[in-house]
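Student: I should like a close look at the interior of this chain. Please treat the packing of the nonpolar residues in detail, and then turn to the backbone around them.

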Amino acid sequence: MRRTLMWKPNATVAVVIEEAGRFLLVEERILGELKLNQPAGHIEHGESIIEAAIRETLEETAYHFVPRFLIGMYQWSPSERPELTYLRFAFAGELTGLEAGRALDADIEQAVWLTRDEIVARAEQHRSPLLLACIDDYLAGRRYPLEILRDFDR
């Protein structure tokens, strides 16, 4: 009998925020290299998917975020580590304030606002192909109600 390995993806969240044609991204240091990503991160034990998106946005940008829609769910395995899989839940919403002076996560250099063209021009710095996929899905009008996510731990 052939034995298969159980698939255990890394559950993550990401946030797409657009204001006046610019998107809120973070510049972060990954193994010494500067990378671009949405405010994003892992879902922590005991928190809901939506709570993770709110927390990660605050920790990485100092902005308070209110999710309004799910843009999509994305599965990705990096070519250099095919045994690793990310399952990303991407949200759109609005910012409700900035905590000026708040320290950002240690690996975050800064939050930046860039147009889609500026993001494409920096493609070599994208943390993953999910960065542009989420933005393009947002621009294509993909919006799913938050009620699609059901949390039975609450």
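Tutor: The answer below begins with the overall fold, proceeds to the interior, and ends with individual backbone positions.

The model is a predicted one. Its chain contains three helices and nine strands, and in order from the N terminus the elements read β-β-β-β-β-α-β-β-β-α-α-β. The radius of gyration is 16 Å, which agrees with the value near 15 Å that a compact globule of 154 residues would have. Along the principal axes, the C-alpha trace extends over about 55 × 35 × 35 Å. Of contacts between residues at least 6 apart in sequence, 71% connect residues at least 24 apart. Buried residues account for 40% of the 154 residues.

As to the interior, nonpolar side chains in soluble globular proteins tend to be buried together. In this chain the largest nonpolar core comprises 17 residues, and L25, I71 and I119 have the most contacts inside it. At least two residues of this core come from each of β3 (22–30), β6, β7 (86–98), β8 (108–114) and α3 (130–139). The largest share, six residues, is supplied by α3. Apart from this core lies another, of 13 residues, which includes V13, V15, F65 and L70.

The helix α3 merits separate attention. Seven of its 10 residues are buried, so that the helix is mostly covered. The buried positions are L130, L131, L132, C134, I135, D137 and Y138; the list thus includes the acidic residue D137. Contacts from I119 reach this helix: beyond its neighbours within four places in sequence, I119 touches L131, L132 and I135, together with F23, L25, L114 and H126. After α3 comes G141, with a positive phi near 90°.

Strand β6, which covers residues 63–76, contains G72. G72 counts as buried because its relative accessible area is 9%, under the 20% limit. Setting aside neighbours within four places in sequence, G72 is in contact with R88, F89 and A90. The C-alpha atom of G72 is also 7.4 Å from that of R142, although 70 residues separate the two along the chain.

Two loop positions complete the backbone picture. Most residues other than glycine have a negative phi. L31, which is not a glycine, nevertheless has a positive phi of about 50°, and A62, also not a glycine, has one of about 75°. L31 belongs to the loop between β3 and β4 (33–37), whereas A62 is in the loop between α1 (49–61) and β6. Their surroundings are opposite in kind: L31 is exposed because its relative accessible area is 87%, while A62 is buried because its relative accessibility is 5%.

Finally, the surface may be set beside the interior. The chain exposes about 9,200 Å², of which carbon and sulfur atoms supply 52%. There are 18 positive and 26 negative side chains, and the centres of these two sets are 6 Å apart.

Note on methods: Residues numbered from 1 in each chain as written. Predicted model: local features only at pLDDT ≥ 70, side-chain atom pairs only at ≥ 80, totals over all residues. Heavy atoms only, no water. Helix = DSSP H or I, 4+ residues; strand = E, 2+ residues; numbered from the N terminus. Buried < 20%, exposed > 50% of the residue type's maximum accessible area, 1.4 Å probe, protein only. Contact = heavy atoms within 4.5 Å. Core = buried A, V, L, I, M, F, W, Y, C linked by side-chain atoms within 4.5 Å. Rg over C-alpha atoms; globule rule 2.2 N^0.38 Å. Areas by Shrake-Rupley, 256 points an atom, 1.4 Å probe, with all protein chains shown as cover. Lys, Arg positive; Asp, Glu negative; His and termini not counted. Charge placed at Lys NZ, Arg CZ, Asp CG, Glu CD.
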